[in-house]
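This report examines side-chain contacts and solvent exposure in one protein model. It considers charged pairs, aromatic rings, cysteines and a surface patch in turn.

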Amino acid sequence: MLLKSGYGYAIITVFLWAMYNVIGKVSLTFGISPAIYVCLGLLVASFILFQAAGPGSLSSSTFKQPRTILFSLLNILEQTFTLYMFIYISGAEGSLMQRINIAIGLLIAMLFLNRKPSKQDLAGTLVILTGVYFIMQGISPESKAIAIFWLFLAALCQTIKTFIAELHPESNQATNFRDQARVTAIITFVTSLCFLAFMVLGSVAKHYTQDAALFLSLFPDLRDFIHPATFFAGVIFGVVNEAPSVYCYFVALKKVKTENFL
């Protein structure tokens, strides 16, 4: 019943997201490049989903759908911002603090989708925000500001991409496992590849610029692209975590809607 209603898929997704935080925090101890790690994991996940789905319907229209590009870009940014946040706080703290996306989701639903939250929604959100506040108070003063900065960016990207996923036309047209896996694979693949190419170009420019501007300094070094730990951690993340979580994520959103999912 839980799977049929969508809440089972939502529970699985949330569990895998918690695993992502742990995997990401452990991977950072091996000196990985967060952006390359995320892109590689997403590419591996899309390959796994492509293999499961095979050729079929909705492929072309998903490629042409602007929401595909926007979702994928926000997905990469969210996961990258999350990893940078974990440089300053623990995985458990990050997982709990990211629940501020519930408040952001309710606000977006009210302002842009004309959805009215129930009293229970508002009461639950207040309780969660109170908990987030107390967790923030426990962060060391020297790390608090930068951790909250990355937290806000990650939560905002996660909330907006969730609404985009809920309203994605091709995902809503998918009626079976193979179609849903195919649509999800394409959404995951397209911008991941483009973003990886963008990072390579930025890293090349950084390498050949002696006094790199602030923007270029944010790109990985060229040697990070052949860093063994980044490669292996990204592959493990893609196979074990990202492939099943992104599939369950899209299925859940079609059934339970963004606010309930968050």
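## Salt bridges and their surroundings

Asp-221 is partly exposed, with a relative accessible area of 25%. The model in which this residue is described is a predicted one. Arg-223 forms a salt bridge with Asp-221, and their closest N and O atoms are 3.3 Å apart. The arginine of this pair, Arg-223, counts as exposed because its relative accessibility is 60%. Lys-206 also belongs to this arrangement: salt bridges with shared partners join Lys-206, Asp-221 and Arg-223 into one network.

In total, the structure holds five salt bridges. Three of them are set out below, with the distance between the closest N and O atoms.

| Salt bridge | Closest N and O atoms |
|---|---|
| Glu-78 and Lys-161 | 2.6 Å |
| Asp-179 and Arg-182 | 2.7 Å |
| Arg-223 and Asp-221 | 3.3 Å |

The pair of Glu-78 and Lys-161 links distant parts of the chain. Glu-78 lies in helix H5 and Lys-161 in helix H9 (residues 141–166), with their positions 83 residues apart in sequence. Both Glu-78 and Lys-161 are buried.

Asp-179 and Arg-182 present a local arrangement within helix H11 (residues 177–207): they are three residues apart, so about one helical turn separates them. Asp-179 and Arg-182 are both buried.

## Aromatic contacts

How many aromatic pairs does the structure contain? The count comes to 16 aromatic pairs. One of them joins Phe-71 and Tyr-249, whose ring centres are 6.1 Å apart; with the planes at 35 degrees, the pair is tilted. Phe-71 lies in helix H5 (residues 66–85), whereas Tyr-249 lies in helix H13 (residues 228–256), so their contact ties together parts that are 178 residues apart in sequence. Both Phe-71 and Tyr-249 are buried.

These two residues also take part in a wider grouping: Trp-17, Phe-71, Tyr-249, Phe-250 and Phe-261 form one aromatic cluster. Tyr-249 has a charged partner as well, since the charged end of Lys-161 sits over the ring of Tyr-249, 5.3 Å from its centre. Lys-161 thus appears both over this ring and in the salt bridge with Glu-78.

## Cysteines

A disulfide is a covalent bond between the sulfur atoms of two cysteines. How many disulfides are counted here? The count is zero. For Cys-157, the closest cysteine sulfur is that of Cys-39, at 14 Å, which is too far for a bond; the cut-off for a disulfide is a pair of sulfur atoms within 2.5 Å. Are these cysteines buried or exposed? Cys-39 is buried, with a relative accessible area of 0%. Cys-157 counts as buried too, because its relative accessibility is 10%.

## A nonpolar surface patch

Which residues make the nonpolar surface patch of about 590 Å²? The patch is made by Leu-107, Met-110, Leu-111, Phe-112, Leu-113 and Leu-167. Among these residues, Leu-107 has its place in helix H7 (residues 101–112). Leu-107 counts as partly exposed because its relative accessibility is 44%.

Note on methods. Residues numbered from 1 in each chain as written. Predicted model: local features only at pLDDT ≥ 70, side-chain atom pairs only at ≥ 80, totals over all residues. Heavy atoms only, no water. Patch = residues over 30% accessible without salt bridge, like charges linked within 9 Å, V, L, I, M, F, W, Y side chains within 5 Å. Areas by Shrake-Rupley, 256 points an atom, 1.4 Å probe, with all protein chains shown as cover. Salt bridge = Lys/Arg side-chain N within 4 Å of Asp/Glu carboxyl O. Helix = DSSP H or I, 4+ residues; strand = E, 2+ residues; numbered from the N terminus. Buried < 20%, exposed > 50% of the residue type's maximum accessible area, 1.4 Å probe, protein only. Phe/Tyr/Trp six-rings, centres within 6.5 Å; stacked < 30°, edge-to-face > 60°. Lys NZ or Arg CZ within 6 Å of the ring centre and 35° of its normal.
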